[in-house]
Amino acid sequence: GDNMTHLETLDNRYDVISHLGKGTMGSVYLVKRKSDEKELVVKKLIITSTSGLSESSAREIFRRESELLKRFSHPGLPEVYDTFRQDDQDYLALEDIKGETLEDIINKHNEPFPVAQALRWVIEIAEILDYLHNSFEAPVVYKDLKPSNIIITPEGKPRLIDFGTSRYYNPDKHSDTHRLGTPGYAAPEQYRKKGQTSPQSDLFSLGVILFQLLTAYDPTVTPLKFPSMRSLNPSITDKLEKIIKKSIQ
């Protein structure tokens, strides 16, 4: 078990409410800030053997994620409140984004979504990506865009969570140091030893998500192989299918 809840207090400022989950890079807790009772999320860096990373690489990625998040100012991205160390562990305190993951929504829905709804979500996600790709000295590539990293808030707005894999795009580098991404949603260049993820990699993933929303097809079954959209949903227009095909080429 995770003995974190016995700590109960973090940095003397946060009371731990519950353990939300674990990823390859860390453990996530729901906490309450003592000063004003506000609920936040705290990520604790955990270096698991499954991440395939050394302690120094993992620390570096975690530090990079924290630095990156501190610079963001966009309603589609989580706000960062704090980074701290306790008992030689690294922590990141950020906004608790309420809502449901797009993955859960897709799994419950089980059939194609209305075109208007799918497009509204995807356009709003594209606006968040546009901010990441074009607001900094180099494009920030999100790198792991998939339904489980997108939360739809109670107001129906998509927000991106989990920046553990994002990085600045460096045109001089021929391949990424850490090749991360999720089969089915990752672009072809993310599978190869050569090739670097770029803003286009995020657009590939976004195209896959739109494909899935409009057809209810699970892209993780045969990564990079897509059936004809209109065979799965005849109501999709030619023009729309062309746009999606272009993004997942």
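This passage describes the fold, the nonpolar cores and one pocket of a predicted model.

The protein chain contains seven helices and eleven strands. Of its 249 residues, 48% are buried. Contacts that link distant parts of the sequence are frequent in the following sense: among contacts between residues at least 6 apart in sequence, 55% join residues at least 24 apart.

Six of the strands form an open sheet in the order E1-E2-E3-E4-E6-E5, and their pairing is antiparallel. The edges of this sheet are occupied by strand E1 (9-10) and strand E5 (80-86); each has a single partner strand, so one side of each is left without a neighbour in the sheet.

Within the sheet, strand E4 (residues 39-45) pairs with strands on both sides. On one side, strand E3 (residues 26-33) runs antiparallel to E4 and is joined to E4 by seven bridges. In this pairing, Tyr29 has Val42 of E4 as its bridge partner. The hairpin of E3 and E4 has five residues between the strands, and Glu37 in this hairpin adopts a positive phi near 70°. On the other side, E4 and E6 also run antiparallel and are joined by five bridges. Here Val41 stands opposite Leu94 in E6, while Val42 stands opposite Ala93 in E6.

Strand E4 is mostly covered, with six of its seven residues buried. Glu39 lies in this strand. With a relative accessibility of 31%, Glu39 counts as partly exposed, because this value falls between the limits of 20% for buried and 50% for exposed residues. When neighbours within four places in sequence are set aside, the contacts of Glu39 are Ile17, Leu30, Val31, Lys32, Asp96 and Lys98. Glu39 and Val16 are 23 residues apart along the chain, and their C-alpha atoms are separated by 9.7 Å.

The interior was examined next. In soluble globular proteins, nonpolar side chains tend to be buried together. In this model, the largest nonpolar core comprises 49 residues, of which Phe72, Leu132, Leu145, Leu160 and Leu213 touch the most other members. Two or more residues of this core come from each of helix H2 (55-71), strand E6 (89-95), helix H3 (102-109), H4, strand E9 (150-152), H5 and H7. A second, separate core has ten residues, including Tyr14, Leu40, Val42 and Ala93. Val42 and Ala93 of this second core are also the residues that stand opposite each other in the pairing of E4 and E6. Returning to the largest core, Phe72 is in contact with Leu77, Tyr131, Leu132, Phe136, Val140 and Phe163, apart from its neighbours within four places in sequence.

Empty space was considered last. Rolling a probe the size of a water molecule over the atoms shows where such space is left. The second largest pocket holds about 240 Å³ of space. Its lining consists of 13 residues, and those nearest its centre are Val122, Leu206, Leu210, Ile243 and Ser247. Helix H4 (115-134), helix H5 (199-215) and helix H7 (238-247) each supply at least two residues of this lining. Among the contributors, H7 gives the most, with five residues. By residue type, the lining of this pocket divides into ten nonpolar residues, two polar residues and one charged residue. Helices H4, H5 and H7 thus appear both among the elements of the largest nonpolar core and in the lining of the second largest pocket.

Note on methods. Residues are numbered from 1 along each chain as its sequence is written. This is a predicted model: local features need pLDDT of at least 70, side-chain atom pairs count only at pLDDT 80 or more; totals for chains, interfaces and linings use all residues. Side-chain values use heavy atoms; hydrogens and water are left out. On a 1 Å grid over the protein atoms alone, a cavity is a set of points where a 1.4 Å probe fits but cannot get out, and a pocket is an open set with protein on both sides within 12 Å along at least five of seven lines; lining residues have an atom within 4 Å of a point. Grid points are joined across faces, edges and corners, and a volume is the space filled by probe spheres set on the points. Helices (H or I, at least four residues) and strands (E, at least two) are DSSP runs, numbered from the N terminus. Ala, Val, Leu, Ile, Met, Phe, Trp, Tyr, Cys and Pro count as nonpolar, Asp, Glu, Lys and Arg as charged, and the others, Gly among them, as polar. A nonpolar core is a set of buried Ala, Val, Leu, Ile, Met, Phe, Trp, Tyr and Cys residues joined through side-chain atoms within 4.5 Å. Buried means under 20% relative accessible area, exposed over 50%, partly exposed in between (1.4 Å probe, protein chains only). Contact means heavy atoms within 4.5 Å. Two strands pair if DSSP finds at least two bridges between them.
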